[in-house]
Amino acid sequence: MQVTKYAHSCLRLEHDGAVLVVDPGVFSDPAALDGADAVLITHEHPDHVDVAALTRALERRPVPVHGPASLAGVLGDAAEALVTVEPGQSFTVAGVPVRAYGGQHAVIHPDIPVIQNIGYLLADVVYHPGDALFVPDDVQVDTLFAPIHAPWSKFSEVVDFIRAVAPRRAYALHDGLLNDNGFGVLDRQYTAMSKTAYRRLEPGTRIDA
């Protein structure tokens, strides 16, 4: 399985000729959806789902879109493609076994309602948590994509999350709001503190998983 990291929180997985795209949001390249056989969305925020780009892609090629039920309220016409996912579910999509975890977005502020968020374990290897720090307790994660920067996050909590998951390797996720100064600081800190092999991938970088 090959994984391409697009900007911010978007991943594209290619496996046995099939393509699965996770969180194609507004900060990512719409080309991530080209040829997709299925789409996974963690939650409804626009940095995780570009509704206009997704709608155009579905018009060209209808495919299932898996995600929490709350997505129906933002997808518009694309909601017809929605397959609702709940925490604890296991299913196979685009030939990739998927396990769903979590259920709630991290708290941004007590005055902001908490929305649904689903983390996805892909092929029992790659974990994309969306906007939450939920630790799977029933599997040893090999490859973690960790959300390193967000309005809701705190560096120490993300470090503890990476340590608790204890993957073989961790890659930066949710980094679209950072500039070069922020990358420099956080790359050094996460590399020093994560207690695992940590790396930030430039958009378009492909790895084997």
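1. UniProt positions follow the numbering used here, feature names are shortened, and annotations may be inferred rather than shown by experiment. With that in mind, the unreviewed UniProt entry annotates "domain: Metallo-beta-lactamase" over residues 7-174.

2. A word on the basis: this is a predicted model, where local features need pLDDT of at least 70 and side-chain atom pairs count only at pLDDT 80 or more, while totals for chains, interfaces and linings use all residues. Residues are numbered from 1 along each chain as its sequence is written, and side-chain values use heavy atoms, leaving out hydrogens and water.

3. Residues 7-174 are 15% helix and 31% strand (DSSP runs: H or I of at least four residues, E of at least two, numbered from the N terminus). The end C-alpha atoms of this stretch are 8 Å apart.

4. Now to a helix pair: α3 (residues 155-165) and α4 (residues 180-193) pack at about 40°, with axes 10 Å apart (lines fitted to C-alpha atoms over the stretch in contact; angles run from 0 to 180 degrees between N-to-C directions). That makes α3 oblique to α4 (neither under 35 degrees, over 145, nor 65 to 115).

5. Finally, the structure holds five aromatic pairs (Phe, Tyr or Trp ring centres within 6.5 Å, using the six-membered ring of Trp). One of them, Tyr-101 with Phe-134, is tilted (planes neither under 30 degrees nor over 60 apart), at 6.2 Å centre to centre and 35° between the planes. Tyr-101 lies in strand β8 (residues 96-104) and Phe-134 in the loop between β10 (126-128) and β11 (143-147), so the pair ties together parts 33 residues apart in sequence.
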